[in-house]
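User: I would like to learn how to read strand pairing, helices and a nonpolar core in a model. Can you take me through them one by one?

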Amino acid sequence: MKRTALFYFLFPFFILSICGCVALVVGGTVGALGGHAASKDMIQADSDKPYDQLWNGALNVSRMRGTIRQEDAAKGYIEADIEKTKVWIRMVRLTQATTRMRISCRRYHLPNLELAQDLFVKIMEEAK
């Protein structure tokens, strides 16, 4: 219990320190989602938006921003090249009302969390 409370207390400060202002936009967008997690090259969040809306939003954003290399709606997988960066988007339907979305980005084998956050925000805006 204490560990979870400490995580929720320190997490916003951690994100602000490594990501700058983009984290505020993501935090505002994800606030209604129930929380999100970020690693060096991946952002993950659970959404109450339907799977089909998120999938269509991810496809639209990926096509607008770059080239889709692979897509599989049944597996919830998109691989794309966006801004010279390899992007992997994975979606998992947790329940009928909840979908987990993970976006991972790597440019020249190095993490690109800024692009992952930007794509996440754009997908959430597109999935109406």
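Analyst: Start with pairing: two strands pair if DSSP finds at least two bridges between them. This is a predicted model, and strand β3 (residues 66-72) is joined to β4 by six bridges, the two running antiparallel. One bridge matches isoleucine 68 with alanine 80 in β4.

User: In which sense do β4 and strand β5 pair, and over how many bridges?

Analyst: They pair in the antiparallel sense, over six bridges. Alanine 80 stands opposite valine 87 in β5, and isoleucine 82 stands opposite threonine 85. Alanine 80 thus has a partner in β3, isoleucine 68, as well as the one in β5, valine 87.

User: What joins β5 to β6?

Analyst: A hairpin with five residues makes that connection. Strand β6 (residues 99-107) and β5 run antiparallel, with eight bridges between them. Arginine 93 faces threonine 99 in this pair.

User: Which residues take a positive phi in the hairpins on either side of β4?

Analyst: In the hairpin of β3 and β4, with four residues between the strands, glycine 76 has a positive phi near 70 degrees. In the hairpin of β4 and β5, with two residues between the strands, glutamate 83 has a positive phi near 50 degrees.

User: Why is strand β4 described as largely enclosed?

Analyst: Burial is judged by relative accessible area, and buried means under 20%. Five of the six residues of β4 (residues 77-82) are buried, so the rest of the structure largely encloses this strand.

User: How do I read the length of helix α4?

Analyst: Compare its span with the one expected at 1.5 Å a residue. Helix α4 (residues 113-126) has 14 residues and reaches 20 Å from its first C-alpha to its last, close to the expected 20 Å. Its buried residues include Leu113, Ala116, Gln117, Phe120 and Met124.

User: Which elements supply the largest nonpolar core?

Analyst: Such a core is a set of buried residues of certain types joined through side-chain atoms within 4.5 Å. The largest one here has 26 residues, and Val87, Ile89, Met91, Met101, Ile103, Leu119 and Ile123 have the most contacts inside it. At least two of its residues come from each of β2 (42-47), α3 (51-65), β4, β5, β6 and α4. Helix α4 gives the largest share, seven residues.

User: What does leucine 119 touch, leaving out residues up to four places away in sequence?

Analyst: Leucine 119 touches Val61, Arg65, Ile82, Val87, Ile103 and Cys105. Among these, Val87 is the residue opposite alanine 80, and Ile82 is the one opposite threonine 85.

Key:
Residues are numbered from 1 along each chain as its sequence is written. This is a predicted model: local features need pLDDT of at least 70, side-chain atom pairs count only at pLDDT 80 or more; totals for chains, interfaces and linings use all residues. Side-chain values use heavy atoms; hydrogens and water are left out. Buried means under 20% relative accessible area, exposed over 50%, partly exposed in between (1.4 Å probe, protein chains only). The expected span of a helix is 1.5 Å times one less than its number of residues. Contact means heavy atoms within 4.5 Å.
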